[in-house]
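I opened the notebook today to look up a few things in this structure, taking helices, strands and charged pairs in turn. My entries follow in the order in which I checked them.

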Amino acid sequence: MKTYKYLFLLIGLSMIGCSDLEEEPVGLLSPTTYFTSIDKLQVAVNGAYGYMHNRYFLTRETGMTLMLRSDMIEISDPNTRQERIDHDEFTDLDDNGQTLVSWPIMYQIISAANQAIAGAETISGDEAEINAVVAQAYFARALAYYHLVRQFGDIPYLSEPVTNVEEANNIEKTATADVYTNIIADFTFAKTWLPTTQATRSIPSAGAASSYLASVYLTMGNYPMAYAEAKDVINKKNTYGYDLEPDFQNLFNSALARDSKEPIFTLDYIGDTSLGNYSTDYLVPFTGIRADDQYGSGQEGWAVLVPPLKAFTTWDDDDYRKAVSFDTTGVFDGVEEPYTKFNSFDARNKDQPYCAKYTRFRGESGGNGRASSHAYSLMRYAEVLLIAAEAANEVTPGSQEAHDWVNEVRERARDGAAGSTQSASPANVSGLSGAAFTDMVLEERRLELAFELKRWYDIARRKLGTQVFSASGLEGAKSFSEDDYLIAIPEVEQERNPNL
């Protein structure tokens, strides 16, 4: 149900995150007075998902940080905000404004989830029905912490609503390993109690929880569990209703993506900016070409983020995903022009192909490009196949099923658009094992999931920084060091709480 993100307004103003702990918590929900039915519990749960649509989360600040720290996106507009340039160049400090707003939005998701989890304890009724709803809150909390721990490492872990501000302002950081233990417990609860299917993929199901468990185990380097969890999703794909979308382009077509079997969990936008920060989608304008009129008004591309040229030139032309992922031409003053001329039409453009996954079939526009009708896949079935393949190779180097899962993804890339003739590449892989297979599957993830906020996490978990940011890397030499695998906790949070 696409309207769920609006319902958080009923409770959202009463939630507090870490950055708000000095404020007087007036109007906090009281479990004994508000939570009197499962319907009210669902409204409280919806609050957590409403916060996921805030601009400070994945469609602007947090998402921009993840993109810029990868080797697949760089700054286009040389005069953009310094806080963005600093993430791109790994010169960000603990006073970075982009980090300052992305940190609290994740804790607001957590705060809303904690409120719902606590409230569920006061509701009388069928345990299974209550757990099926509160499991959505466990899923949301786990997802927010999963982003936080991968970005910041040791972090404050809040498992209950804040009722004592002084205590909360002196909370100790929780060790990364313990945060992961809690994330696993939350996703496991969600997997146990969520239904196998939901009315929409923007509401988590058991399969979504299981898919994220596989991702968490992979990040932790627990390959046997990552393999088991991902393979379980694959074995149950008919039960969950998952499969690869035959045409890769449809995954990024706002009119078609919701009918696809491939998305597992999505953020759903409806082309409306009436709620401001809570309903706007900035990935479209931030990745669009300035003055380009091929998709509508030439003012809707802001040319802030652009793929490095080498990401385009080193990608096999026969791989259909390349054509889907890049815009190589634009329309200026009614004339189609190649990317080698983009800068001549606006100095904020680079003469490079731009990301097309968000701009090409965005659906409803408006709000100076901030509106879209995209249902963004935060997890999709192709990623589960690649998780399974990477983990399987670690468990049994060179296993045939690991190759088969990669080849399933590659076959779709060869098939191209519906009705087209299959290309010769990317060819099936065979005979790889150990490090060679790992290198291949990480490269496959880079291409398959290009610009989908995954690459930085792969770089960090596999410690690829010095490799991909060298002179031969996609973005070339940068000021990267081992310290840059983690982002500094915002200075204002450290001042508020010296334990951070």
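**Entry 1: helix α5**

I began with α5 and found that 20 of its 24 residues are buried, so this helix is largely enclosed by the rest of the structure. I note here that the model is a predicted one. I then checked the length of α5: at 1.5 Å a residue its 24 residues should span 34 Å, and I find the end C-alpha atoms 36 Å apart, which agrees.

Within α5, which covers residues 97-120, I picked out Gln98. Is Gln98 buried or exposed? Its relative accessible area is 1%, and because the cut-off for buried is under 20%, I entered Gln98 as buried. Setting aside neighbours within four places in sequence, I listed the contacts of Gln98 as Glu61, Met64, Thr65, Glu83, Arg84 and His87. At the start of the helix I also saw that a side-chain oxygen of Asn96 comes to within 3.0 Å of the backbone nitrogen of Gln98.

**Entry 2: salt bridges**

How many salt bridges does the structure hold? I recorded 38, and I looked at several of them individually. Since Glu61 had already come up as a contact of Gln98, I started with its pairing to Arg60, a salt bridge in which the closest N and O atoms are 3.2 Å apart. Arg60 and Glu61 are both buried.

Next I turned to Asp319 and Arg321, whose side chains meet in a salt bridge at 2.8 Å, N to O. Asp319 has a relative accessible area of 3% and is buried, and Arg321, at 1% relative accessibility, counts as buried too.

The third pair I examined was Glu448 and Arg380, with a salt bridge at 2.7 Å, N to O. Glu448 lies in helix α18 (residues 434-448) and Arg380 in strand β10 (residues 375-380), so this pair ties together parts that are 68 residues apart in sequence. Both of these residues, Glu448 and Arg380, are buried.

Which residues are linked in a network of salt bridges? I wrote down Glu262, Asp319, Arg321, Lys357, Arg380, Arg410, Arg412, Glu444, Glu448 and Glu452.

**Entry 3: the hairpin of β7 and β8**

I followed the side chains along strand β7 (residues 329-332) and found that they alternate, with Gly330 and Phe332 pointing to one face and buried, whereas Thr329 and Val331 point to the other face and are not buried. This strand pairs with β8 (residues 335-338) in the antiparallel sense, over four bridges. For Gly330 I noted that the bridge partner in β8 is Glu337. Two residues lie between the strands of this hairpin, in which Asp333 takes a positive phi near 55 degrees.

**Entry 4: Gly363**

I closed with Gly363, which sits in the loop between β9 (354-355) and β10. At 45% relative accessibility, Gly363 counts as partly exposed. Apart from neighbours within four places in sequence, I found Gly363 in contact with Ser254 and Ser373. I also looked up Gly363 against His53: the two are 310 residues apart in sequence, and their C-alpha atoms are 17 Å apart in space.

Notes
Residues numbered from 1 in each chain as written. Predicted model: local features only at pLDDT ≥ 70, side-chain atom pairs only at ≥ 80, totals over all residues. Heavy atoms only, no water. Salt bridge = Lys/Arg side-chain N within 4 Å of Asp/Glu carboxyl O. Buried < 20%, exposed > 50% of the residue type's maximum accessible area, 1.4 Å probe, protein only. Contact = heavy atoms within 4.5 Å. Pairing = 2+ DSSP bridges. Expected span 1.5 Å × (residues − 1). Polar contact = N/O pair within 3.5 Å; in protein donor to acceptor, adjacent residues only side chain to side chain.
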